[in-house]
Structure formats: structure tokens, C-alpha cells
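Student: Could you pick out one part of this chain, take a close look at it with me, and then tie it to the rest? Informal is fine, I just want to know what to look at and why.

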Amino acid sequence: SVWHEGTTFVVSVPLGSDHVPANQPPATPARGSTAIGAIPYVEEALRYDAPLHLFTRYALEDLDYAGLRLKKGEVVGLLLGAANRDPARWERPADLDPDRPRLWGHLAFNVGPRHCAGAHMARMEATEAILGMWRAFPDLARAPGAPDPALIGFVSRAWRPIPLVHE
């Protein structure tokens with residue numbers, strides 16, 4: 001299997017995030033032992049901390065929006081990760097919650113004509129990777145006493161290192 005950066009990141013979210021208890025990922029093998037059970041986890045991990053946060057585009061015409069003036073040709077930075085944490089759209093946006101009532105509508109794969117062509121493959125790959133990890137290591141947890149992993153990168157992100165244990 002070809003592991004995309006996004007798959008690696010989605011798999012690492014429950015183990016690295018500082019919003020998840022150090023001794024327990026938010027989705028357990030009992031609840032996510034099937035692809036259907038893992039889907040809410042995958043979607044919430046994508047919303048919670050999208051693997052790519054910054055995209056740039058060029059203004060196609062002059063534009064005034066909310067007091068911001070853009071001239072044709074200027075570079076526009078789109079922070080999709082910030083949109084996925086917008087409190088006007090998401091209840092408790094800083095919480096990683098696979099049980100949230102609204103899991104869809106995040107911008108982890110962009111939207112419209114720029115939507116990621118590999119989004120479905122990435123979702124499938126992440127689901128299978130997570131299921132394989134849970135099946136092989138049902139008791140997988142962050143190592144007790146290990147320092148919290150650091151979130152590295154700005155455009156493409158990852159949690160490093162993530163010391164893990166299992167019995």
C-alpha cells in the first residue's frame with residue numbers, strides 16, 4: 001500500500017493530540033473494529049487536524065471582502081485547518097469527538113473544483129490502516145510518562161515522536 005502523508009497523519013491524531021487522554025485513543029477497537037465503525041473516527045480526525053492546512057491561490061479579479069482588498073493576481077493563503085475549527089460552524093471545535101452529530105462538511109480535502117482527487121482513496125487507506133492497527137494492537141496506547149509528542153510542520157503536519165506501548 002502507498003501511504004500518503006494524510007493517511008499517516010490521520011492514523012497519528014489520536015495518539016499524538018494533546019486533546020486526547022494520554023492513555024486512551026478516542027476510538028477503541030471495540031467500537032471501531034469494522035470499517036463502518038471507523039468512519040466517524042476518520043472523518044473527525046480529518047476535521048480536527050487536517051493533514052494539509054495551507055493552500056495558496058491567486059485572485060482572478062479585484063475583490064473587496066469584509067474590509068480586505070485583493071487585487072487581481074495577488075496570492076491568497078487559504079487556511080483550511082482554521083476553517084475546520086470555526087466555532088460558528090462546529091460545536092466544541094477544539095475537541096476531538098468522533099461522536100459529534102455533524103461529521104461531514106469539513107475542508108480537509110478542499111472543496112469545489114480544487115477538491116482532492118485522491119480523497120476517497122485517502123479515506124479508504126486511513127480506514128484500513130486504523131483497523132489494521134487496532135486489530136494487531138488492541139491495547140495500543142501512548143507510553144506512560146513519555147513526553148507529549150510535538151506537532152511539527154505547518155503546511156504538512158505530523159506528531160513526532162509518539163512513544164507507544166502494547167502488551
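Tutor: Ala-66 counts as exposed, because its relative accessibility is 75%, and the cut-off for exposed is over 50%. Bear in mind that this is a predicted model. You'll find Ala-66 in the loop between strand E2 (63-65) and strand E3 (68-70). Its backbone deserves a glance too: Ala-66 isn't a glycine, yet its phi is positive, at about 50 degrees. Most residues other than glycine have a negative phi.

Asn-110 has a positive phi as well, about 70 degrees, and again there's no glycine involved. Is Asn-110 buried or exposed? Its relative accessibility is 9%, so Asn-110 counts as buried. Asn-110 belongs to the loop between helix H3 (80-83) and H4.

That brings us to H4, the part I'd spend the time on. Helix H4 covers residues 119-136, 18 residues in total. At 1.5 Å a residue these should span 26 Å, and the end C-alpha atoms are indeed 26 Å apart, so the helix length agrees with expectation. Now look at what H4 hides. Its buried residues include Ala-119, Ala-122, Glu-125, Ala-126, Ala-129, Ile-130, Met-133 and Trp-134. While you trace them, it helps to recall that an α-helix has 3.6 residues a turn, so residues three or four places apart point the same way.

Where do those side chains end up? In soluble globular proteins, nonpolar side chains tend to be buried together. Here, the largest nonpolar core has 16 residues, and among those with the most contacts inside it are Ile-130 and Trp-134, along with Tyr-41, Val-42, Leu-46, Ala-108 and Phe-109. Two elements give two or more residues to this core: helix H2 (35-48) and H4. H4 supplies the largest share, seven residues.

Arg-123 is a charged residue in H4 to look at. Its relative accessibility is 19%, so Arg-123 counts as buried, with the cut-off being under 20%. Leaving out residues up to four places away in sequence, Arg-123 touches Val-42, Glu-43, Leu-46, Trp-104, His-106 and Phe-109. Val-42, Leu-46 and Phe-109 should ring a bell, as they are in the list of core residues with the most contacts.

Past H4 comes the loop that leads to strand E5 (141-142), and Pro-138 is in it. Pro-138 is exposed, because its relative accessible area is 51%. Its C-alpha atom is 7.9 Å from that of His-166, although the two residues are 28 apart along the chain.

Elsewhere, turn to Trp-90, where two arginines are worth finding. The charged end of Arg-47 sits over the Trp-90 ring, 5.4 Å from the ring centre. Arg-102 also lies over the face of Trp-90, at 5.2 Å from the centre. As for aromatic pairs, the count is zero.

Now zoom out. The chain has four helices and eight strands, in the order α-α-β-β-β-β-α-α-β-β-β-β along the sequence. Of its 167 residues, 39% are buried. Among contacts with a separation of 6 or more, 63% link residues 24 or more positions apart. The chain exposes about 9600 Å², and carbon and sulfur atoms make up 62% of that area.

Technical notes:
Residues are numbered from 1 along each chain as its sequence is written. This is a predicted model: local features need pLDDT of at least 70, side-chain atom pairs count only at pLDDT 80 or more; totals for chains, interfaces and linings use all residues. Side-chain values use heavy atoms; hydrogens and water are left out. Rings of Phe, Tyr and Trp (its six-membered ring) pair if their centres lie within 6.5 Å; planes under 30 degrees apart count as stacked, over 60 as edge-to-face and the rest as tilted. A charge sits over a ring if NZ of Lys or CZ of Arg is within 6 Å of the ring centre and within 35 degrees of the ring normal. Buried means under 20% relative accessible area, exposed over 50%, partly exposed in between (1.4 Å probe, protein chains only). Contact means heavy atoms within 4.5 Å. Accessible areas come from the Shrake-Rupley method with a 1.4 Å probe; for residues, only the protein chains shown count as cover. The expected span of a helix is 1.5 Å times one less than its number of residues. A nonpolar core is a set of buried Ala, Val, Leu, Ile, Met, Phe, Trp, Tyr and Cys residues joined through side-chain atoms within 4.5 Å.
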